[in-house]
Amino acid sequence: MQSNKLGWFLLAPTLVVLFFFGVVPFLYVVWLAFHQWNPFAVDPTIIYNGAENFRRLVFDQAFLSSLGVTLAFTFFAVTTQVILGYVLAQAFMRDFPGKAIFRTIHTLPLIMAPIIVGSIWKLMTTPSIGIIPHYLDQWFGYDLNIGQSAIAAFTITVIMDVWHWTPLVTLTLIAALVSLPPDPFEQAQIDGANRRQIFWHITLPMISPAILATVFIRLMDALRTVDEVLMLTGGGPGSATRYLGVHIFREVFPRTNYGYGSAVSVIVLYLTIVVCWLLFVGLIAPRNKKA
Amino acid sequence: MKRQSTWLSLVFWIAVSLITLFPIYWLFVISVKPAVDLFTTPDLFLKSFYWQNYLDVLTDRTLRGYMWNSLIVSSGNALLVTTLGFLACYALTRYDLGGKESIFFWTITNRMAPPAVFLLPLFLLMTSYYRIGNFSLLDTKIGLILVYCTLNLPFAIWTLRPTLDGIPKDLDEAAYMDGASSWKVISEVVFPLARPGVAVTLMLTWVFAWNEYLLAATLTNFNARTLTTGLSEYVTTTGTEWGVMATISVFTLIPALIVFSLVQKHIVAGLTFGAVKG
């Protein structure tokens, strides 16, 4: 084996790039969050102001409403994806011809750019040109207007996210289901367990690590959804779909209040970490301990 | 009974596939319709093709520039992260570096953070600190290539590591015994064996960079704008050119579909940080 010096030398470019574009921005945004800085204000200097930015944040109606809709969006999207993904994965376990083709088609949305997904759903749901409002009106007399109804816009963003990301859950769970050993299921059937009992007492505990891993990944991604929503609704109507990322992009970034903007960014990062940590501590860690 | 359930499964999966495919089909339909037809009754099937939107996009100098930028940025970034990732993985698997497992895990944390959080610090750093004289990284292709490293480099490292772990270290040792230099071992012994993994990494990182929007939208304003940012420029409050918007979307989608057809099996593994083998 050659000297370790060469090893560090090979690793160095990676560490340097990630340091300047990962670590430095992170430290910089944390530092700025404790300062007051607006380069276009009367006083453009950077002044340390302690936790003032964070104090303001707690009373910022726009931020709080953004936080609320983000959590609601994440909850509805991820829950639907996991349930739907499980049903689809189970449906895939049966024998039928053309499995490979159906699986390929199902994987397709995963490679698509979020902004393209947003643009597609915009074309389908915009009143006057969209095919969905057209047929909803013709068949059910329902007027779908994502430009005016907050509920409609919110629902369409959830449906869009479900369309885009359910396949990831399905494919993850198919991989988990395929790798299950058949013995416990055969034993349960011999013992006369019904389908529901088998699901709750055998299938679910056995694939729960896979489900939790998927929830973890989906949660992280759903919390940072920006591109597709920006394209579809632009955060509107009002602030109905102004999720945290959209809020930063449209409200925080254009204003030149950099100190306050940094505080918002830091809180969003912190919340993402906390949510994932809670999930880990609450669900994954105790299970590992038991095992 | 058995036959019936087969039919049921087939019908079910055909329905699922239609739901998956319809939005993509509809995008194409809109892109080949003249603007006046958009507001009439939407027909599910096409009666004629109208290619003007495609000609408009291809002859638009600004959009051609955006396409060119997208191509350079994603190719440059994919090459850079795959090269750096390959070397890093070689170091991680071949050398006994202190804390290398922590470093390995730390790389992925760079990808986990929401990109929106980094908009402000990256913008400020690139305008004021990351510059040489008058040359700042803001609104340059090289700037975007470097910024995308935070997203793609961890990915490259995590997908390449199993590949390099799978190449027996005895091969390197044998080559060293024969008096080969480190560079020769890396380029002529290890690299050829890692080629399939490298190809997959190259293609997936390419697509991720090609698809990125948020950072490109904030860190460029004229010179280095990419196709995805061009797309959002066609959505304005005064009126959207739907046909052109659909056509740009199709153009953005095509390379992704090509890559998809080549490395379909690896996409799920890639998106779950390697937790699931697709």
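## A guided walk through a two-chain model

Let us begin with one stretch of chain B: residues 242-263 are 100% helix and 0% strand, and the C-alpha atoms at the two ends are 32 Å apart. Helices here are DSSP runs of H or I with at least four residues, strands are runs of E with at least two, and both are numbered from the N terminus. Residues are numbered from 1 along each chain as its sequence is written, while chains are lettered from A and ligands numbered from 1 in the order in which they are written. This is a predicted model, in which local features need pLDDT of at least 70 and side-chain atom pairs count only at pLDDT 80 or more, whereas totals for chains, interfaces and linings use all residues.

How confident is the predictor? The model scores ipTM 0.89 and pTM 0.90. For single residues there is pLDDT, the predictor's confidence in each residue, from 0 to 100. Chain A has a mean pLDDT of 88, with 96% of its residues at 70 or more; chain B averages 88, and 95% of its residues score at least 70. Among the elements of chain A, helix α3 (residues 61-92) has the highest mean pLDDT, 94, and helix α12 (residues 258-290) the lowest, 78. Where pLDDT is low, predicted coordinates should not be read in detail.

Now look at chain A as a whole. Chain A contains 12 helices and 2 strands, and in sequence order they follow the pattern α-β-β-α-α-α-α-α-α-α-α-α-α-α. The C-alpha trace of chain A spans about 80 × 70 × 35 Å along its principal axes. Of its 291 residues, 40% count as buried. Buried means that 20 or more other C-beta atoms lie within 10 Å of a residue's own; 12 or fewer make it exposed, anything in between partly exposed, and the C-beta atoms are placed from the backbone. Contacts, too, rest on C-beta atoms placed from the backbone, which must lie within 7 Å of each other. Among the contacts in chain A with a separation of 6 or more, 72% join residues 24 or more positions apart.

The UniProt record (an unreviewed entry) places the feature "transmembrane region" at six spans of chain A, residues 7-34, 62-88, 100-121, 150-178, 198-220 and 263-285. UniProt positions are given in the numbering used here, feature names are shortened, and annotations may be inferred rather than shown by experiment. Residues 62-88 of chain A are 100% helix and 0% strand in the model, with 38 Å between the end C-alpha atoms. Residues 198-220 of chain A are likewise 100% helix and 0% strand, and their end C-alpha atoms lie 31 Å apart. For chain B, the unreviewed UniProt entry gives this feature at residues 7-28, 66-92, 112-130, 142-160, 189-209 and 242-263, the last being the stretch where we began. Residues 66-92 of chain B are 100% helix and 0% strand, with end C-alpha atoms 37 Å apart.

A small stop in chain A is A:N49, in the loop between β2 (47-48) and α2 (52-58). A:N49 is partly exposed because 15 other C-beta atoms lie within 10 Å. Leaving aside residues up to four places away in sequence, A:N49 touches A:H35 and A:Q36. A:Q36 is 13 residues away along the chain, yet the C-alpha atoms of A:N49 and A:Q36 are separated by 6.0 Å.

Next, see how the chains meet: 75 residues of chain B are in contact with 70 residues of chain A. Helix α1 (residues 2-31) of chain B gives the most to chain B's side, with 15 residues. That side has 54 nonpolar, 18 polar and 3 charged residues, where Ala, Val, Leu, Ile, Met, Phe, Trp, Tyr, Cys and Pro count as nonpolar, Asp, Glu, Lys and Arg as charged, and the others, Gly among them, as polar.

Chain B is assigned domain 1 (1-50) and domain 2 (59-271), with bounds from an automatic or database domain assignment. Taken over C-alpha atoms, the centres of these two domains are 33 Å apart. Their contact takes 7 residues from domain 1 and 6 residues from domain 2.

Finally, in the largest nonpolar core, with 156 residues, B:A116, B:V147 and B:I248 touch the most other members. Such a core is a set of buried Ala, Val, Leu, Ile, Met, Phe, Trp, Tyr and Cys residues joined through C-beta atoms within 7 Å. Helix α13 (residues 242-271) of chain B gives the most to this core, with 15 residues. Domain 1 and domain 2 of chain B both give residues to the core, so it lies between them.

Definitions and conventions
Contact = placed C-beta atoms within 7 Å.
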